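Subject: Structure handover

Hi,

Here is the structure I promised to pass on. My notes follow below it.

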Amino acid sequence: MRLDLTFTEHFTAPVQNVWLAITDRRMLALWLMENDFEPRLGARFALRRADPMSGWRGWVECAVIELEPPTRMVWSWSDGAGEEMTSRVIFELQEEGTGTRLTVHHIGDTDDAMAKMIRERWPIKLQALASTLGDER
Amino acid sequence: MTTKTLKQTVLFKGASPKKVYDLIMVSRKHTSLSREKAVISRRVGGAFSAWNGHITGFNLVLKPGRKIVQAWRATGWWPDHYSVATFDFQKTPRGTKLTFTQIGIPPHRYSGHYRGWIETYWTPMQEMLRDAHLSPKTLARVTIDREQRIKAGRFRRTISKES
């Protein structure tokens, strides 16, 4: 199944703080998943869930394929749905007033069950990111 | 992983939001609450530790006099698990209202932390802001709390390289 998702959020935090929240391993663990992320072009890392939903292996293999601090980062994303099916996650940050507009695109291929899960989970994750950045939702 | 959320509201009479904020964020002032070492970074992403290492974490949001958000954990919690602690400071005619929310607390530690925030933070903070020192009752309470942590094995241990 083809994925083509876009989520846009406004945060009251400045761009540098939002960038930190998406590139600091400890902060990523608070709102996304446990990980061994490094903010380095080419770095391979895994996102892991201790209690994965049924039907999913529980981890995503990723790599940093673009890194332009503090405005753009792209990950490759392989969730185990199929060897030929990979996707990309694109983070774009832009100043918006005194805060930040974050746009997350998730584009590529995965199976139907995983596509449903991804579509449902990103809004929840971005809400958790808002809490991590001190914004009420 | 099921966790619990703690929410408390406390009034600090006659104190400005900045004074209340500084009691948490200035290492020397934070140390005065417990008489145990606190080292607090004042940088977003920077680390903090309090109660001689019993509490550790890092800063997520810092708005002096208005808001603190910290990734916060205590010894004995699940490995690498952090809660998110939010301190919201609001000026009122009577002083400063602090609305405190902590999400992601391991359930088996919830009641201890619920009591801990009142007895080892809000009460000492109220006394320091009002009297500039801790009352004998609070000092005794802080000592008992430390002894209980040691007894329960919830105290950071330093392992000697020579052992």
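Let me start with a charged pair in chain A. A:Glu66 and A:Arg72 form a salt bridge, with 2.8 Å between the closest N and O atoms. Keep in mind that this is a predicted model. A:Glu66 is partly exposed, at a relative accessible area of 25%. The pair does not stand alone: A:Glu66, A:Arg72 and A:Glu92 are linked in a network of salt bridges.

Other salt bridges

Over all chains, the structure holds twelve salt bridges. Another one in chain A joins the side chains of A:Arg101 and A:Glu96, at 3.9 Å from N to O. That distance still counts, because the cut-off is 4 Å. Both partners are partly exposed: A:Arg101 has 31% relative accessibility, and A:Glu96 has 30%.

Chain B has one worth a look too. B:Glu119 pairs with B:Arg115 in a salt bridge, and their closest N and O atoms are 2.9 Å apart. Why can these two meet? They sit four residues apart in helix H3 (residues 110–131) of chain B, so about one helical turn separates B:Glu119 and B:Arg115. B:Glu119 is partly exposed at 22% relative accessibility. B:Arg115 is partly exposed as well, with a relative accessible area of 31%.

The nonpolar cores

The largest nonpolar core has 47 residues. Within this core, A:Trp75, A:Trp77, A:Phe91 and A:Trp122 touch the most other members. Helix H3 (residues 112–132) of chain A gives the largest share of this core, eight residues. A second core of 36 residues lies apart from it. Its members include B:Val10, B:Ala74, B:Phe89 and B:Trp117.

A:Phe91 is a good place to zoom in. Leave aside its neighbours within four places in sequence. Its contacts then include A:Ile22, A:Trp31, A:Leu102, A:Val104 and two of the residues named above, A:Trp75 and A:Trp122. A:Thr71, A:Arg72, A:Met73 and A:Thr103 are also in contact with A:Phe91. Note A:Arg72 in that list; A:Arg72 is also part of the salt-bridge network with A:Glu66 and A:Glu92.

The interface

Next, the two chains together. On the chain B side, 17 residues are in contact with 13 residues of chain A. The two chains bury about 1200 Å² between them, and 60% of that is on carbon and sulfur atoms. In chain B, the most area is lost to chain A by B:Val44, B:Phe58 and B:Leu60, together 34% of what that side buries.

How many salt bridges are there between chain B and chain A? The count is zero. The interface does have two residue pairs in polar contact, both at pLDDT 80 or more. Three strands of chain B each supply at least two residues of the side that touches chain A: S4 (55–63), S5 (67–74) and S6 (83–92). S4(B) gives the largest share of that side, five residues. By class, the side of chain B that touches chain A has ten nonpolar, three polar and four charged residues.

One loop residue

Last, B:Arg43. This residue is in the loop between strand S2 (39–40) and strand S3 (47–50) of chain B. B:Arg43 counts as exposed, because its relative accessibility is 53% and the cut-off is over 50%. Not counting residues up to four places away in sequence, B:Arg43 touches B:Asn59 and B:Leu62. B:Arg28 is 15 residues from B:Arg43 in sequence, and their C-alpha atoms are 16 Å apart.

Best wishes

Conventions: Residues numbered from 1 in each chain as written. Chains lettered and ligands numbered in written order. Predicted model: local features only at pLDDT ≥ 70, side-chain atom pairs only at ≥ 80, totals over all residues. Heavy atoms only, no water. Contact = heavy atoms within 4.5 Å. Buried area = accessible area lost by both parts, 1.4 Å probe. Polar contact = N/O pair within 3.5 Å; in protein donor to acceptor, adjacent residues only side chain to side chain. Nonpolar A, V, L, I, M, F, W, Y, C, P; charged D, E, K, R; others polar. Core = buried A, V, L, I, M, F, W, Y, C linked by side-chain atoms within 4.5 Å. Buried < 20%, exposed > 50% of the residue type's maximum accessible area, 1.4 Å probe, protein only.
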